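Visitor: I am new to this structure, and I would like to go through it slowly, one question at a time. Could you show it to me before we begin?

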Amino acid sequence: MTTRDFEPVGRGGPFRPLSSTAVWRLASFVLVFGAWEFAGRVPISPAFPTFGATMAALFQMTLDGSMGRAYLSTLQPLLIGLLISGVFGILAGVAMGLSRLFEFFVAPVFIVLQAAPVAALIPLITFIYGIGLTAKVIAVCILAAPVIVLNSYKAVRNASPSLIEMCRAFQGSRVQVIAKIILPDASPLIFAGLRLGIAAGFIGVVLAELLITPTGIGDLITYHRSVADYAEMYAAIFSIVAFAAITVSSLQKLETMVFRPEKKEG
Amino acid sequence: MFEKARSIFLPVAGVLVLLAATIGQSAPAQAKPVRIAFGDIASVESLNFLIALERAKERSVEIDVTFFKSEDIAAQAVVGGHADIGVGTPYALLQKVKAPIRMFFQLSALRFYPIVNTEYYKGWKDLDGEEFVVHSRGSGTEAIMNLMAKREGITFKRLSYVPGSEVRAGAMLQGNIRATIVDAPNRNLLLEKGGDKFMVLPMEGVDASDEALYASTDFLESNPETVDILVEELLTVWREINKDPDYVTAQRKKYGLLADLPAELEPEIIPYFTESAKSGAFPVNGGGPEAVKTDFEFYAIAGQLQGNPTSLKIEDFWYLGPLDKAQNKLGRM
């Protein structure tokens, strides 16, 4: 069955039908959560909670404020790290795109960082930056920055040559070429890099909270695991996965709306 | 059409039969060799355990040890049936998840040392209203400090969490923290490097289990001989070490254990075992009902056990049959 098969259903009826994408999405959620509930009821392991128990724990943790407090703590290194990676990452990427010399010196660092298994680098961060907020911010940065930098760099480097040529033909200065042609042309790809960087930042902050010192969501996961409150542990994991997924998909929607209106869903 | 359906059906059926056979095979809890899940890397501190395993191997018990990153993951391996025996104190797991698992041998008692920077503190009372650093939320070190605060009649401003004795010792040396609790090797390191800068606060009567062996009841009941041999050898090695800590070095040599241990760590072996034996870290009777009651009290304070500790039943957590048998054979101490 293809998505087309869904299209005629309900067309012209009194209710506005769900789009075929929405139906598939809903079906996939039902399928995954249903499988989770089933696996918990079998159970595949006595330590594996059902979906229902996990959601009840999530509700309870939201009500008693422990989830809110954890997010306040987790968001701190995440936002600082993303702000630094965003500002400096885009600047560095644009500079690399514009200057071959800068590219020669800086690009290899980010290419290596992007390929490196960062979880293995985190213990090294603690040797240099200790175990506090700085170390966690650095963990977010080393995960988020490479993708932001490299996307910005590629975006600038691949800006349309014919547009640049046109600007020059109209006597545009170097500053005008950058400000009026290269940056606007590169902005969709830069924004896509920023979105991917934010997704990587989530990985960084959770890794840091699990591997450096347990705070925020990392603390909820570690603590509930140590006292065998597995529903609460999975609730914490579920919440951060859902939070990251919603954030990133909202950014994707924003990106489509602002930069690629032609791809907007109908 | 029928031919086509059959050509699809046959391979699919084949795969399903194979899958079913695999599942059927992996179902019995007992598999040879005995799979032990150890929640730490092999180090000087685990030599006693490794010696006991070697001795059990000499009595025809096949053993396969896997070293995990943490005790929690090792416990999951046992719960999931991927390992037969685990090392740790999974009280919370047993009570909350009601996993069919029981502990059967106390390997060590908690031995941690509260240590303070003498520039700021000289005794327990000075810690009233101050910050204290422990391993993690819900950990044994946190429970020890809550217990001591209660005993000393003090209240900490807050307990902070920094996992790893060596990390806390490093932070003490750098001056980032002023009061913490560490294990024996790191206490020695601090006293050696810091001299008068650090002092250990007196603490007595905290004897809860640090590590114990546990297995599924199914494994314990269906492999009595294996479990008996293991418990007998553990008891023998523990008693030998308590008599003469040098026993560890001789046995390490005999079995070629930790062959790649760095030369600078070798001199640490005897002092570690001498001191641990002296402080009673290695029980000569494998635990038993008294030790379990102490555990109930301690782990209730730690938040690992819920409810009144006096109402908890030993048989819901421990399987003491093999230990009884071994003590009858080797003598009670």
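Visitor: Which strand does β5(B) join through four bridges?

Guide: In this predicted model, β5(B) runs antiparallel to its partner, and four bridges join the two. One of the pairs can be followed by residue, since B:Y113 has B:V182 as its bridge partner. The strand that holds B:V182, and so the one you asked for, covers residues 179-182 of chain B and is β8.

Visitor: In which strand does B:V116 have its bridge partner?

Guide: β5(B) also pairs in the antiparallel sense with a strand made of residues 198-200 of chain B, over three bridges. Within that pairing, the partner of B:V116 is B:M199, and the strand in which B:M199 lies is β9(B).

Visitor: Why is strand β5 of chain B described as largely enclosed by the rest of the structure?

Guide: The strand spans residues 113-117 of chain B, five residues in total. A residue counts as buried if 20 or more other C-beta atoms lie within 10 Å of its own. Strand β5 of chain B is largely enclosed because, of its five residues, the number that are buried is four.

Visitor: Which strands are at the edges of the open sheet of five strands in chain B?

Guide: The order of this open sheet is β2-β1-β3-β10-β4 (chain B), and its pairing is mixed. An edge strand pairs on one side only, which here applies to residues 63-67 and 101-109 of chain B. From one strand to the next, the twist averages 20 degrees. The edge strands are therefore β2 and β4 of chain B.

Visitor: Which residue is the bridge partner of B:Q106 in β10(B)?

Guide: β4(B) pairs with strand β10, residues 209-216 of chain B, in the antiparallel sense and over seven bridges. Following B:Q106 across to β10(B), one arrives at its bridge partner, B:A212.

Visitor: Which element gives the largest share of the side of domain 1 of chain B that touches domain 2 of chain B?

Guide: Chain B is divided into domain 1 (34-110 + 209-330) and domain 2 (113-200), and their C-alpha centres lie 27 Å apart. Their contact takes 11 residues from domain 1 of chain B and nine residues from domain 2 of chain B. On the domain 1 side, the elements that give two or more residues are α11 (269-278) and α12 (289-301) of chain B. The largest share, three residues, comes from α11(B).

Definitions and conventions. Residues are numbered from 1 along each chain as its sequence is written. Chains are lettered from A and ligands numbered from 1 in the order in which they are written. This is a predicted model: local features need pLDDT of at least 70, side-chain atom pairs count only at pLDDT 80 or more; totals for chains, interfaces and linings use all residues. Axes are lines fitted to C-alpha atoms, for helices over the stretch in contact, and angles run from 0 to 180 degrees between N-to-C directions. A residue is buried if 20 or more other C-beta atoms lie within 10 Å of its own, exposed if 12 or fewer, and partly exposed in between; C-beta atoms are placed from the backbone. Domain bounds come from an automatic or database domain assignment. Two residues are in contact if their C-beta atoms, placed from the backbone, lie within 7 Å.
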